[in-house]
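Colleague: Got a minute to walk me through this one? I'd like to start with the strands, then move to the ligands.

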Amino acid sequence: MSGKPLFIERLEQNGCFGSVVSAGHLKELEEEIKSLHRDGLLHDSIYREFADPYFSPRLPRSLSDAKSIIIVAVPQPMIRTTFHYVGRKVRVVVPPTYSDAHKVTWRARNELKRAFEPRQYKLVRGVLPAKLLAVRSGLARYGRNNITYIPKYGSFHRLTSFYSDYDSPIDYWQEKEALPLCAKCSACIKACPTKAIEKDRFLIRAERCLTYLNEKDASHAFPRWVGAEAHNSVIGCMRCQRSCPYNKEVADWYVDRGVFDEAETEYLLQERYRGRKAATIQRKLKAVGLELHIFPRNLEVLLGKEQL
Ligand code: B12
Ligand code: SF4
Ligand code: SF4
């Protein structure tokens, strides 16, 4: 018998992972990110765009006397999507966590409820800096790429947090820890196509991260310094995750989902999306974790390549 609370053991039996800290640490989470910005380490654009609500978390009105914050990691694969284009089949990945966000959040909540049975606790979804919480609670560790890692599934997981009236006998709050190999490994630094990960600082230059650039509305063109060879996913980027030794077991974990025929691919490349046709293709895109607003820019740069 390990010393873990029963609900954490039960989560693990059902393929999920969790940890808990006292709700009293909320201010420290906020202050930690604010201080990075104050010290000039966190670029203004990133800070401003995500400050509200992620970097200024507040206890929810419906649970203003919350006792704890619970964080759950649910393993998730990549999605491999197929686009038919001028007689070719182009297969491209959508990184873990873009698809099934609601389904996975729902699963996290349900697994938590089951894990607490027969007790019933309130669970209110948190909007918090999830990676920092996962690492501060001991659930995960940071990689040099600033992504979090859990045993066995590496960075292939989705994090979801909940405020709760569960008064945990254990507060897992702890110092941040990096993955042991990061001290002598530089695979992600070499693999990063935009030099967002630097040797001499742990915090990445998020404003250079390809994900920051390709999640934007397609009216924002890619900066000229981003080379064509940088692109590797319909949205986001998998280079630092797939090159990491801690992802060796999962680096090729994907499920095939979503096939866009020639007409649909042509339509996505058109730039004008209106009416019923747009609504139909939007539904199809949603199933693989994509949105019309990133087209045609992201697809245009990928269609010359085969990914997996
Ligand atoms: C803003 C944001 C972005 C921005 C900025 C990313 C960033 N690194 O800050 C952009 C758009 C670039 C982005 C990209 C991605 N994101 Co994002 N993003 C977020 C968001 C909204 C907030 C993240 C945040 O708090 N940033 C602020 C910075 C300051 O925090 P941090 O990165 O944790 O920084 C810490 C470390 O640097 C550490 N640190 C600093 N020095 C040192 C020294 C030592 C020794 C140690 C140990 C640690 C350490 O401390 C810092 C905090 O104090 C969260 C959603 C949420 N609810 O949290 C999702 C989230 C973090 N993103 C997610 C994902 C999946 C991604 C991508 C992998 C998407 C993709 N490509 O497929 C990339 C990864 C890019 C990367 N290498 O980090 C997931 C994380 C999953 C995971 N396992 O980590 C989240 C949680 C969303 C979700 N619910 O799924 N993202
Ligand atoms: S690739 Fe190497 S340095 Fe980067 S996160 Fe993985 S172990 Fe750490
Ligand atoms: S997601 Fe891509 S661009 Fe961003 S840090 Fe990782 S490798 Fe670099």
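**Strands and ligand shells**

Modeller: Sure. In the open sheet, 3 strands line up in the order β4-β3-β9, with mixed pairing. Keep in mind that this is a predicted model.

Colleague: Which strands stand at the edges?

Modeller: β4 (88-94) and β9 (254-260) do. Each has a single partner strand, so one side of each is left without a neighbour in the sheet.

Colleague: And what does the twist average from one strand to the next?

Modeller: The average is 25 degrees.

Colleague: How many bridges join β3 to β9?

Modeller: There are 5, and the two strands run parallel. β3 covers residues 78-85.

Colleague: What stands opposite Thr82 in β9?

Modeller: Val259.

Colleague: OK, switching to ligands. How many residues surround ligand 1?

Modeller: 37 residues. The closest are Pro95, Pro129, Ala130, Phe202 and Gly236.

Colleague: Which elements give two or more residues to that shell around ligand 1?

Modeller: Four helices and a strand are on the list: α2 (26-38), α3 (44-55), α5 (130-136) and α7 (210-214), plus β8 (157-164).

Colleague: How do the shell residues of ligand 1 divide into nonpolar, polar and charged?

Modeller: 23 are nonpolar, 8 polar and 6 charged.

Colleague: Now ligand 2. Which residues come nearest?

Modeller: Gly143, Cys182, Cys185, Cys188 and Cys244, out of 14 around ligand 2.

Colleague: And how does the shell around ligand 2 divide?

Modeller: Into 9 nonpolar, 4 polar and 1 charged. Cys counts as nonpolar in that split, and Gly as polar.

Technical notes:
Residues numbered from 1 in each chain as written. Chains lettered and ligands numbered in written order. Predicted model: local features only at pLDDT ≥ 70, side-chain atom pairs only at ≥ 80, totals over all residues. Near = placed C-beta within 6 Å. Pairing = 2+ DSSP bridges. Axes fitted to C-alpha atoms, helices over the stretch in contact; angles between N-to-C directions.
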